[in-house]
Amino acid sequence: MATANGPTASEYIVHHLTHLNTSGHKQEAIVDWSVVNLDTLFWSLALGLLTVFLLARAARRATPGVPGRFQAAVEFVVEMVADQAKGIVHSAESRRFVAPLALTVFVWIFLMNAMDLLPLDLLPRIWEGIYAAAGNDPHHAYLRIVPTADLNATLGMSIGVLLLCFYYNIKIKGLGGWVHELFTAPFGSHPLLYPVNFLMQMIEFAAKTISHGMRLFGNMYAGELLFMLIALMGAAWAGTATGAFLWIGHVIAGAAWAIFHILIITLQAFIFMMLTLVYIGQAHEGH
Amino acid sequence: MNLNATLFAQLAVFFVLAWFTMKFVWPPIMKALDERAKKIADGLAAADKAKTDLANAEKKVVEEMRKARESAAELRANAERQAAQLLDEARQEAAKIVAQAREAAEQEAAVAAQRAKEALREQVALLAVAGAERILRREINARVHAELLANLKQELK
């Protein structure tokens, strides 16, 4: 985006942080349920379909014989998730859904995070071309390609986990049992303690869910922002000595951050999966 | 970090993907993994069994060899004993036959000697008569002197 008559640094970053949404411009309100981020939706759906396509391919070819490399790689991930699920969720019946869920979450989030490793301007540039060719103003061709750097996506998934926690709480303890637990744990069964207990439980659920979604979002958003700042260094290339240094700085910092980011995207996907298992596992245990 | 309806879409996608994985991905992979684990376990067990079987077979072979050697030795000992016995019997038989033959020959010789003696006696009697005839120049009637001759024969015995 750093063309000769291009935007300033802050314009560049704001442009890259603006979603392609149904309103056509940057969302002003913090919360606006009438708006949908089309880019987040598109990429998360596309990568979700890629996830299930890859997994289904491996599943269709799964034989007890000698596995190929792709097969072995998928099986490696599946076994890792299955082991973790077995250690955390103690109900074999729940695991029949929870373990596949954790697998999907892991692979899907890994792929969504990995979008961060694509060249920052590549897909937005292509989108700009398509948008302009369709007769629109290319300055409004917004596109963000990392779905997990959108709070809607991460909170959507963490709320999904929260709903599953509710479901398993009711399923395991019964509605009465769960309500009883909401008012009597963690401090004990005494009428005076009921509101305190309930408040604590609500705070616990809220904290779990928000931190679950925010953790992933924060990591990916910060990673994306850092890539943008690094890209600005390279964009300062203008034939001057300072520009040349900044360009070399871009190469070094960009490479270093991308390499480090490989760890982050894997780790964040793993953490999200583990917390999903832990929270659902907690829903199985009485206080 | 604005919130909007994308959240609900993501929430729905989350469950759909999880459902798909549960339905179509997880079971076949787990099945394949379990079957492979079982196959490997079976293979290892079979290898172990084969090893034990081999050891047993070797032990059996050694045992059979030992038995064969023992029975061969026994057979040889028996055969030798039998041969010795046969030889013994043959020797005894031979000795018996020799003894019988000797006895028969002795008897025959005795009979022949007797017969020769008698023939000799006959001829001596005849010679004596012939001699006496010469001496007496007279024919002695054998029939008349039969008693005399018999007496003579008797004396010559």
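By class, the lining of the second largest cavity has five nonpolar, three polar and one charged residues, where Ala, Val, Leu, Ile, Met, Phe, Trp, Tyr, Cys and Pro count as nonpolar, Asp, Glu, Lys and Arg as charged, and the others, Gly among them, as polar. The model is a predicted one, in which local features need pLDDT of at least 70 and side-chain atom pairs count only at pLDDT 80 or more, while totals for chains, interfaces and linings use all residues. Residues are numbered from 1 along each chain as its sequence is written, chains are lettered from A and ligands numbered from 1 in the order in which they are written, and side-chain values use heavy atoms, with hydrogens and water left out.

To see that lining, select S158(A), V161(A), L162(A), C165(A), F205(A), K208(A), T209(A), H212(A) and Y279(A). Helices α6 (151-184) and α7 (194-235) of chain A each supply at least two of these lining residues; helices (H or I, at least four residues) and strands (E, at least two) are DSSP runs, numbered from the N terminus. The enclosed volume is about 40 Å³. A cavity here is a set of points, on a 1 Å grid over the protein atoms alone, where a 1.4 Å probe fits but cannot get out, and lining residues have an atom within 4 Å of a point. Grid points are joined across faces, edges and corners, and a volume is the space filled by probe spheres set on the points.

Searching the whole structure gives two cavities of 30 Å³ or more, so-called second largest above and the largest, which has a volume of about 80 Å³. For the largest cavity, select H16(A), M115(A), D116(A), L118(A), L120(A), P124(A), L143(A), R144(A), I145(A), V146(A) and E224(A). Its lining comprises seven nonpolar, one polar and three charged residues.

Keep E224(A) and R144(A) on screen, as they form a salt bridge whose closest N and O atoms are 2.9 Å apart; the term denotes a side-chain nitrogen of Lys or Arg within 4 Å of a carboxyl oxygen of Asp or Glu. Because E224(A) lies in helix α7 of chain A and R144(A) in the loop between α5 (122-133) and α6 of chain A, the pair ties together parts that are 80 residues apart in sequence. Over all chains, the search finds 11 salt bridges.Zoom out next to chain A as a whole, whose secondary structure comes to eight helices and one strand, following the pattern α-β-α-α-α-α-α-α-α along the sequence. Along its principal axes, the C-alpha trace of chain A spans about 70 × 60 × 40 Å.

Then bring in chain B, which gives 31 residues to the contact, against 54 residues from chain A, contact meaning heavy atoms within 4.5 Å. The area buried between the two chains is about 3,800 Å², of which carbon and sulfur atoms give 76%; buried area is the accessible area (1.4 Å probe) that two parts lose on being put together, summed over both. Select Q10(B), F14(B) and W26(B), which supply 19% of the area that chain B buries against chain A, more than any other three residues.

Finish with R36(B) and E75(A), a salt bridge in which the closest N and O atoms are 2.7 Å apart; the count between chain B and chain A is one salt bridge. On the side of chain B that touches chain A, the elements giving two or more residues are β1 (3-4) and α1 (6-136) of chain B, with α1(B) giving the most, 26 residues.

Terms used:
On a 1 Å grid over the protein atoms alone, a cavity is a set of points where a 1.4 Å probe fits but cannot get out, and a pocket is an open set with protein on both sides within 12 Å along at least five of seven lines; lining residues have an atom within 4 Å of a point.
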